[in-house]
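Please examine the sequence and the three-dimensional structure shown below. The briefing that follows is arranged by topic.

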Amino acid sequence: KFTFVDQGMKYIFGNDWRELFDVVIVKARKPDFYNDDDIPFRPQEPSGDLPTWRQIDRFEPGGVYQEGNAYDFMKLTGWSGANVLYFGDHVFYDLANAFVNIGWRTGAVIEELEAEIKTSN
């Protein structure tokens, strides 16, 4: 949900966190995001978790979008492969699929990793 992501990102980066990203996508429904090119992007209302049903033909700066698919993402942005840095919190559904199937670079947001790093060091 956007409200959950918004609270976490504000805590980490501050209130203007969306200015750090070109596109913000929530509720991507992975692994379908990578495999099903029939799922459209829907604009997310900034005040809550309800999407609108307006068709997307371009991403707006600072906009937040729900669902969609990787193929439309690449078509709408013109970005592909290593030109995309995808952040996720699930090693298989977010990171492995994005890297192996599409060639995107990935960044992990995994709270449990902090404890493992401290233990290893």
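Helices (H or I, at least four residues) and strands (E, at least two) are DSSP runs, numbered from the N terminus. The model is predicted: local features need pLDDT of at least 70, side-chain atom pairs count only at pLDDT 80 or more, and totals for chains, interfaces and linings use all residues. Residues are numbered from 1 along each chain as its sequence is written, and side-chain values use heavy atoms, with hydrogens and water left out.

**The loop between strand 1 and helix 2**

- Proline 31 is located in the loop between strand 1 and helix 2, and the peptide bond that leads to proline 31 from lysine 30 is cis, with omega near 10°.
- Arginine 29 also belongs to the loop between strand 1 and helix 2.
- Although arginine 29 is not a glycine, its phi is positive, at about 60°.
- Arginine 29 has a relative accessible area of 41% and is therefore partly exposed (buried means under 20% relative accessible area, exposed over 50%, and partly exposed in between, with a 1.4 Å probe and protein chains only).

**Strands and their pairing**

- Strands of a sheet pair through backbone hydrogen bonds, either parallel or antiparallel.
- One open sheet has three strands in the order 1-3-2, with mixed pairing (two strands pair if DSSP finds at least two bridges between them).
- Strand 1 (24–26) and strand 2 (41–43) are the edge strands of this sheet, each pairing on one side only.
- On average, neighbouring strands of this sheet are turned by 40° against each other, direction ignored (axes are lines fitted to C-alpha atoms, for helices over the stretch in contact, and angles run from 0 to 180 degrees between N-to-C directions).
- Strand 1 and strand 3 (residues 64–67) run parallel and are joined by three bridges; valine 24 has valine 64 as its bridge partner in strand 3.
- Glutamate 67 is placed in strand 3, and its phi is near 60°, a positive value in a residue other than glycine.
- Strand 4 (residues 85–88) has Tyr86 and Gly88 on a covered face, and Leu85 and Phe87 on an uncovered one.
- Four bridges connect strand 4 with strand 5 (residues 105–108), and the two run parallel; glycine 88 is partnered by alanine 108 in strand 5.

**Nonpolar cores and a surface patch**

- In soluble globular proteins, nonpolar side chains tend to be buried together.
- The largest nonpolar core has 16 residues, and those with the most contacts inside it are Phe33, Tyr34, Phe41, Ala70, Phe73 and Trp104 (a nonpolar core is a set of buried Ala, Val, Leu, Ile, Met, Phe, Trp, Tyr and Cys residues joined through side-chain atoms within 4.5 Å).
- Helix 2 (32–35), helix 3 (70–77) and helix 4 (91–102) are the elements that give two or more residues to this core, and helix 3 gives the most, with three residues.
- Another core, of six residues, lies apart from the largest one and includes Phe2, Met9, Trp17 and Val64.
- On the surface, Tyr11, Ile12, Phe13 and Leu20 form a nonpolar patch with about 530 Å² of accessible area together (patches are made of residues with over 30% relative accessible area and no salt bridge, where like charges are joined within 9 Å and nonpolar side chains (Val, Leu, Ile, Met, Phe, Trp, Tyr) within 5 Å; accessible areas come from the Shrake-Rupley method with a 1.4 Å probe, and for residues only the protein chains shown count as cover).
- Isoleucine 12 lies in helix 1 (residues 2–13), and its relative accessible area of 53% makes it exposed.
- Phenylalanine 4 is also in helix 1 and is exposed, at a relative accessible area of 65%.

**Salt bridges**

- The structure contains six salt bridges (a salt bridge is a side-chain nitrogen of Lys or Arg within 4 Å of a carboxyl oxygen of Asp or Glu).
- Aspartate 6 and lysine 10 form one of them through their side chains (3.1 Å, N to O); because they are four residues apart in helix 1, about one helical turn separates them.
- Aspartate 6 counts as buried at 13% relative accessibility, whereas lysine 10 is partly exposed at 34%.
- Aspartate 72 and lysine 75 also meet in a salt bridge through their side chains (3.6 Å, N to O).
- Both of these residues lie in helix 3, three residues apart, about one turn of the helix.
- Aspartate 72 is buried, with a relative accessible area of 19%, whereas lysine 75 is exposed, at 64%.
- Arg29, Arg42 and Glu67 are joined into one network by salt bridges that share partners.
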